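Here are a few short exercises to work through with the structure open. Try each task before you read its solution.

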Amino acid sequence: MASIGLIASSLAHEIGTPLGVIRGRAEYLAMQVEGSAVKNNVEIILSQIDRVSGLIRSLLNLAKGDKTEESEAISVNTGLLTVLELLGHEFRKNDIEILNLFDYEKPTTVYGQAEKLQQVLLNIIMNSIHAIVKARESGRTQGHFIRFSRQDFGTQYAISIEDSGSGISKENIDNLFRPFFTTKPTGKGTGLGLATSQWIVESWSGSIEIESKEGVGTTVHIYIPKSS
Ligand SMILES: Nc1ncnc2c1ncn2[C@@H]1O[C@H](COP(=O)(O)OP(=O)(O)OP(=O)(O)O)[C@@H](O)[C@H]1O
Ligand SMILES: [Mg+2]
């Protein structure tokens, strides 16, 4: 994975520089054609440049995530609580019940980076929120939830995040971890959330598994070795 990070970051720099020049020229052009019909076309060019810039930023973040930072003993309990607090507003806004079956009395110490763990949890929970919004749009309006649970497998923990969202079709289930795979409308998703999460968890010698039933919901299991 190190080489992917390297390619991603050098490519991002190589593309970023000329893109900045193109954007500058397009902005200049936009000012020149103020009030004419050409203006609309130049604005489309500008917004498409911004889309590519957004993708490049995501790639750079991904590449950053690929660098090995110092690992330390971190608490999954704390990571989850932090992210849940951060997303409280989203849960209320979307009328999602949070069922947290974590036993906070028991420590959940793993070996990794606290920020990365939060990033993984955030990516996965955001996907659940989006899937629930999608299920509602398709008419399944009631009783939506996200359930968090944890199992102790001796050498590793399994953290499971279950949602009542749209679920995933059989055609898509094998593609979820592919970088840039997304079913979200253009501009809404980059398709890097799960790829990034998998890279992070694998850098801790863990893994992610996803089970899903279309029209019912999805469960994501994150396996992380315990810190010894
Ligand atoms: N909990 C879920 N329920 C239903 N579909 C899901 C769920 N999690 C992921 N998916 C599917 O997997 C695809 C890829 O997810 P991923 O997080 O990698 O990218 P994204 O959410 O589309 O975009 P990004 O996370 O980069 O904003 C999603 O577009 C969606 O189709
Ligand atoms: Mg996502």
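**Exercise 1.** In this predicted model, find what a polar side-chain atom of threonine 182 sits across from in ligand 1, and then look for other polar contacts to the ligand.

*Solution.* Start with threonine 182: a polar atom of its side chain is 2.5 Å from an oxygen atom of ligand 1. Next, go to leucine 194, where the atom to pick is a backbone N or O, lying 2.8 Å from an oxygen atom of the ligand. Then try threonine 218, whose side chain places a polar atom 3.4 Å from a nitrogen atom of ligand 1. With a cut-off of 3.5 Å for N and O pairs, these count as polar contacts. To finish, check how well the ligand is covered: on its own it has 590 Å² of accessible area, and the protein covers 89% of that.

**Exercise 2.** Describe the shell around ligand 1: how many residues surround the ligand, and which are the closest?

*Solution.* Begin by counting, using 4 Å between heavy atoms as the limit. That gives 19 residues, with Asn127, Thr182, Thr183, Lys184 and Thr190 the closest. Now sort the shell by class: eleven residues are polar, six nonpolar and two charged. Last, see which element gives the most. α4 has the largest share of the shell, with three residues.

**Exercise 3.** Which pocket does ligand 1 take up, and what lines that pocket?

*Solution.* First, place the ligand: the space it takes is the largest pocket. Two elements give two or more residues each to the ligand's shell, namely α4 (114–137) and α6 (193–203). Second, size up the pocket, which has a volume of about 1000 Å³. Its lining comes to 34 residues, and those closest to the centre are Asn127, His130, Thr182, Thr183 and Lys184. Third, split the lining by class, and you get 15 polar, 13 nonpolar and six charged residues. Fourth, trace the lining back to its elements: α4, α6 and β7 (217–225) supply at least two residues each. The largest share is from α4, at eleven residues.

**Exercise 4.** Step back to the whole protein: how many helices and strands are there, and in what pattern?

*Solution.* Count the elements and you should reach six helices and seven strands. Walk along the sequence and the pattern reads α-α-β-α-β-β-α-β-β-α-α-β-β. For overall dimensions, take the principal axes: the C-alpha atoms fill a box of roughly 65 × 45 × 35 Å.

Note on methods:
Residues are numbered from 1 along each chain as its sequence is written. Chains are lettered from A and ligands numbered from 1 in the order in which they are written. This is a predicted model: local features need pLDDT of at least 70, side-chain atom pairs count only at pLDDT 80 or more; totals for chains, interfaces and linings use all residues. Side-chain values use heavy atoms; hydrogens and water are left out. A polar contact is a pair of N or O atoms within 3.5 Å; within protein, one must be able to donate a hydrogen and the other to accept it, and residues adjacent in sequence count only if both atoms are side-chain atoms. Accessible areas come from the Shrake-Rupley method with a 1.4 Å probe; for residues, only the protein chains shown count as cover. On a 1 Å grid over the protein atoms alone, a cavity is a set of points where a 1.4 Å probe fits but cannot get out, and a pocket is an open set with protein on both sides within 12 Å along at least five of seven lines; lining residues have an atom within 4 Å of a point. A molecule sits in a cavity or pocket if more than half of its atoms lie within 2 Å of its grid points. Helices (H or I, at least four residues) and strands (E, at least two) are DSSP runs, numbered from the N terminus. Ala, Val, Leu, Ile, Met, Phe, Trp, Tyr, Cys and Pro count as nonpolar, Asp, Glu, Lys and Arg as charged, and the others, Gly among them, as polar. Grid points are joined across faces, edges and corners, and a volume is the space filled by probe spheres set on the points.
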